[in-house]
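Dear colleague,

I am handing over the structure below, and my notes on a pocket and on some helix packing follow it. Please read them alongside the coordinates.

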Amino acid sequence: MRAPERVDAVIIGAGFSGLYMLKRLRERGLEAVVLERGDDVGGTWYWNRYPGARCDVESPYYSFSFDPELEQEWEWTERYPAQPELQAYMSHVADRYDLRRDIRFETTVGSAVFDDAAREWEVTSSGPQGEQVTRARFCIMATGCLSSSRNPDIEGLEDFTGEVYHTGEWPQGGVDFTGKRVGVIGTGSSGIQAIPEIAKQASHLTVFQRTPNFSVPALNGPLDPEFWADVKANYRDVRKRARSTPTGMPFPPGSESALDVGDARVQEVFDEHWTLGGFRIGACFSDLGISREANDKLADYIRGKIDTIVEDPATAEKLKPRDYPVGAKRICVDTDYYATFNLPHVDLVDVRANPISRITPEGVATGQEEYAMDVLVFATGYDAMTGSLSRIDIRGRDGRSLRDHWAAGPKTYLGLSVAGFPNMFSVAGPGSPSVLTNMVTAIELHVEWIDEHIAYLCQNGLETSEALPEFEDEWVQHVNDVADMTLMKQANSWYLGANVPGKPRVFMPYAGGLTAYTQRCDQVAEQGYHGFQLA
Ligand code: NAP
């Protein structure tokens with residue numbers, strides 16, 4: 001083992017969060033390093049390079065706001081950024097601010113242990129040069145919300161003789177599906193984006209669907225030059241507006257109630273948003289997220305659209321979600337998803353009605369039939385929000401493990417800090433708005449808050465900061481209470497951990513919106529970091 005490396009701060013992950021955190025701490029005069037599993041920057045967008053991978057937030061808004069020069073020099077080409085463009089953007093950021101020299105690539109963190117006596121974190125990782133210990137006063141988890149991909153536990157997978165891929169760990173060189181029989185398991189956002197692209201190459205595509213999702217058209221295309229010029233000319237205002245809405249996007253949710261305005265107006269607003277493209281339709285009335293009656297109107301509208309696109313009525317019926325409200329699972333944003341099922345070489349298998357019984361050497365077997373495949377693609381999602389933290393052996397005061405502390409579900413104060421884990425901060429952690437908002441806006445707010453908090457500690461001669469247990473409990477309760485006011489808990493979603501067998505069923509993100517959340521974080525800071533034990 002090499003000699004321990006000693007720095008002020010260790011940051012785990014080199015996605016949007018880790019890059020910006022490194023930049024801020026360096027400018028603050030701290031010595032910081034980033035440990036990153038991949039061989040390049042990008043985080044979630046580094047791993048998710050499956051065909052069709054594209055952000056569902058529009059390009060001009062899904063970018064850093066901290067440097068007006070960066071905003072002006074970068075040119076987005078499409079309305080929604082595709083994975084290669086996001087990768088190029090983050091690469092550009094890493095180069096422009098000379099961040100790479102402090103990023104250790106291909107480095108997997110195994111443990112992070114708080115040393116009570118020295119009051120520092122000891123982070124053990126393995127990388128190209130073997131095992132490395134990094135000691136640091138601050139440990140910042142920039143590990144991402146959707147970074148721990150999971151293959152379902154289906155019997156026989158190891159016997160399959162064809163190729164197997166997961167959308168969240170896609171090979172760098174891509175996959176050639178030409179002339180192959182392909183099976184895709186999973187119809188969430190990833191599956192819904194990949195399926196139309198895979199169908200363009202495969203000789204036959206079988207989609208195994210357990211739960212249909214509500215999907216709306218992206219209407220992607222080249223970025224409108226006039227719109228882009230206008231955003232660039234008004235970027236400060238655009239960013240200000242993005243930070244003042246619940247979603248972190250520069251447009252407010254609808255203010256009318258879908259129950260008050262009459263059917264003609266409801267139809268008109270839905271039509272407007274359907275032709276606008278994107279998931280803004282999910283918030284086009286004020287009560288879609290809180291009233292099942294209002295939400296049913298949108299659900300009926302989308303089901304009606306499926307009927308108009310999908311030619312075979314039996315297939316259309318299978319594709320219609322029936323048992324949860326729109327938005328309780330993240331609304332998918334697609335390009336030609338439903339139309340793909342009109343192609344003669346694409347089949348939809350309902351594995352809720354006929355569950356997959358096993359993977360065979362040749363393909364996939366349900367109780368009723370066997371489907372021969374050359375390639376299997378798992379679009380089966382993630383151990384979201386907690387998975388990337390729980391796969392690291394994290395130990396706080398007195399050797400207490402984070403896995404134990406979170407055995408009944410994640411507990412944090414503001415999604416930023418955990419009681420008993422001093423000087424450990426998470427960016428977009430469970431209990432923060434993160435995945436329910438524009439991630440980049442949420443990340444920037446967190447990075448800036450953590451940076452300012454660290455500056456406060458340094459300026460006031462304080463050695464450690466951690467959430468007080470009673471404030472952590474109160475915040476967990478508040479996160480739950482807020483979720484209870486919405487329809488969000490009415491689906492078996494990854495927000496609730498329902499996709500991972502045995503995971504506690506706890507609503508993880510904060511559904512109160514970015515505006516209320518930011519006010520709370522600011523207030524906590526203004527009150528001398530109320531709810532934190534500072535020593
Ligand atoms: P996901 O939403 O969790 O979807 C996983 C899919 O796999 C679901 O359809 C699930 O069915 C199915 N599945 C899991 N285990 C299965 C099994 N044993 N048998 C059959 N089906 C099984 O994961 P994801 O699609 O990767 O998306 C995760 C999140 O990433 C999204 O919600 C979104 O926030 C983000 N994302 C965003 C974009 C974008 O920006 N455009 C793109 C991709 C992903 P059940 O529903 O029945 O569990």
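From which domains does the lining of the second largest pocket draw at least three residues each? They are domain 1 (5–148 + 383–529) and domain 2 (157–237 + 249–378), with bounds from an automatic or database domain assignment.

The model is predicted, so that local features need pLDDT of at least 70 and side-chain atom pairs count only at pLDDT 80 or more, while totals for chains, interfaces and linings use all residues. Residues are numbered from 1 along each chain as its sequence is written, and side-chain values use heavy atoms, without hydrogens and water.

The second largest pocket (an open set of points on a 1 Å grid over the protein atoms alone, where a 1.4 Å probe fits, with protein on both sides within 12 Å along at least five of seven lines) holds about 1,100 Å³ of space, a volume being that filled by probe spheres set on the points. Its lining comprises 43 residues, each with an atom within 4 Å of a point, and Thr247, Gly282, Ala283, Gly289 and Leu436 lie nearest the centre. By class, 27 are nonpolar, 13 polar and 3 charged, with Gly counted as polar.

As for the helices (DSSP runs of H or I, at least four residues), α1 (residues 16–27) packs against α14 (residues 439–459) at about 30°, with axes 10 Å apart. The two are therefore roughly parallel (under 35 degrees, between N-to-C directions).

Best regards

How values were computed. Axes are lines fitted to C-alpha atoms, for helices over the stretch in contact, and angles run from 0 to 180 degrees between N-to-C directions. Angles under 35 degrees count as roughly parallel, over 145 as roughly antiparallel, 65 to 115 as roughly perpendicular and the rest as oblique.
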